Amino acid sequence: MSKETVTKIEIEKATTSKINEVDFNNLVFGNIFTDHMFVCDFEDGAWQTPKITPYQPLTLDPSARVFHYGQAVFEGMKAYKDEHDDIWLFRPEENFNRINKSSHRLAMPEFPKEYFFEGLTELLKLEKDWIKKGFGNSLYIRPFVIATEPGVSASPAKKYKFMIICSPAQSYYGGEVRVKIADHYSRAASGGFGFAKAAGNYAGQFFPTSIANEEGFQQIIWTDSEHHEYLEEAGTMNIFFRIGNKLVTCPISDRILDGITRRSVITMAEDMGIDVEVRPIKVSEIIEAVNKGELKEIFGSGTAAVINPIAGFGYKGDKWELPKTENTYAAKIKQAIMDIQYNTVEDKFGWRVKV
Ligand code: COI
């Protein structure tokens, strides 16, 4: 990434490592964290000296705004190791831009680019042994910003913490994924902050998703909040439908996350000669397509989920299973994107960035 470090980052190395206690072949997503973390405080109107310290709990005042008003945003990124032990990021600039877009919407200060990239580079250099080789292995990177100023007046804080923590990762979902199409609850409304990676967008899904879990679904495909007529996104993933040989996904809006993997899927699919349509998709169109046998695949895309096939879906009490086919678009596109991420092919799109 950046060749020269212009930022002074204070680094305190951990004296011991947890790495030997980790079973890297049986990772559950997001449960284990590496030895260090990056932290930078915003105080007196400016970001202070960034630090890397041993991974440790934070001490916050119980009245800190983040606890009361959810003033918090985050990102999801991954680092990959190739056969030569080189470490790569995938379109990291997009994550940097998006966290600042999310912060802006939540009235939080934007984070400086050089702090972000230099902090991330130094952190990944320290944690390089936590990144295992091989398709499917990665280091999940979680940058986030929280409002730390004490006081429960409902107004933007004047103090924040920007942090990066890292977790070794394999797959996000443990088995087959079935989704429920929302017909009552909503994830986001027009004019709201559904496009932002704000903590509250995820917390608001937990209750409806737990009902869906009891009904045998792992995720919900959210629909427009007004009439529940159009399909939007699946909360941890953007969503794609293969109808006949066309790949269809809905356009992004202020209710939908502008997924970096989503954009990569569209570019990659078009490059493979697949006919891609980005347009509003009605729930009724998908039901009609599945009943006619024209709905060949549904898959989700996201950093954590990568590209995850959907085995079946439900709507208003009815359930459908999708055909189990070989040579799916999901599998082909996933392989092509992973080849770039793991540096096994030339990257003609310029997506891969060496650490
Ligand atoms: C990601 O894919 O990185 C996300 O942020 C989704 C998250 C809920 C795991």
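**Figure 1. The ligand in the largest pocket of the predicted model.** The ligand occupies the largest pocket. A pocket is an open set of points on a 1 Å grid over the protein atoms alone, with protein on both sides within 12 Å along at least five of seven lines; a molecule sits in a pocket if more than half of its atoms lie within 2 Å of its grid points. This is a predicted model, in which local features need pLDDT of at least 70, side-chain atom pairs count only at pLDDT 80 or more, and totals for chains, interfaces and linings use all residues. Residues are numbered from 1 along each chain as its sequence is written, and side-chain values use heavy atoms, without hydrogens and water.

**Figure 2. The shell around the ligand.** Among the residues surrounding the ligand are Phe 74, Arg 142, Lys 197 and Thr 236, each with a heavy atom within 4 Å of the ligand.

**Figure 3. Polar contacts of the ligand (pairs of N or O atoms within 3.5 Å).** Tyr 140 places a polar side-chain atom 2.6 Å from a ligand oxygen atom. Polar backbone atoms also take part: that of Thr 303 is 3.3 Å from an oxygen atom of the ligand, and that of Ala 304 is 2.8 Å from an oxygen atom of the ligand. Alone, the ligand exposes 290 Å², of which the protein buries 92% (Shrake-Rupley method, 1.4 Å probe).

Technical notes: Polar contact = N/O pair within 3.5 Å; in protein donor to acceptor, adjacent residues only side chain to side chain. 1 Å grid on protein atoms, 1.4 Å probe; cavity = no way out; pocket = protein on both sides within 12 Å on 5 of 7 lines; lining within 4 Å.
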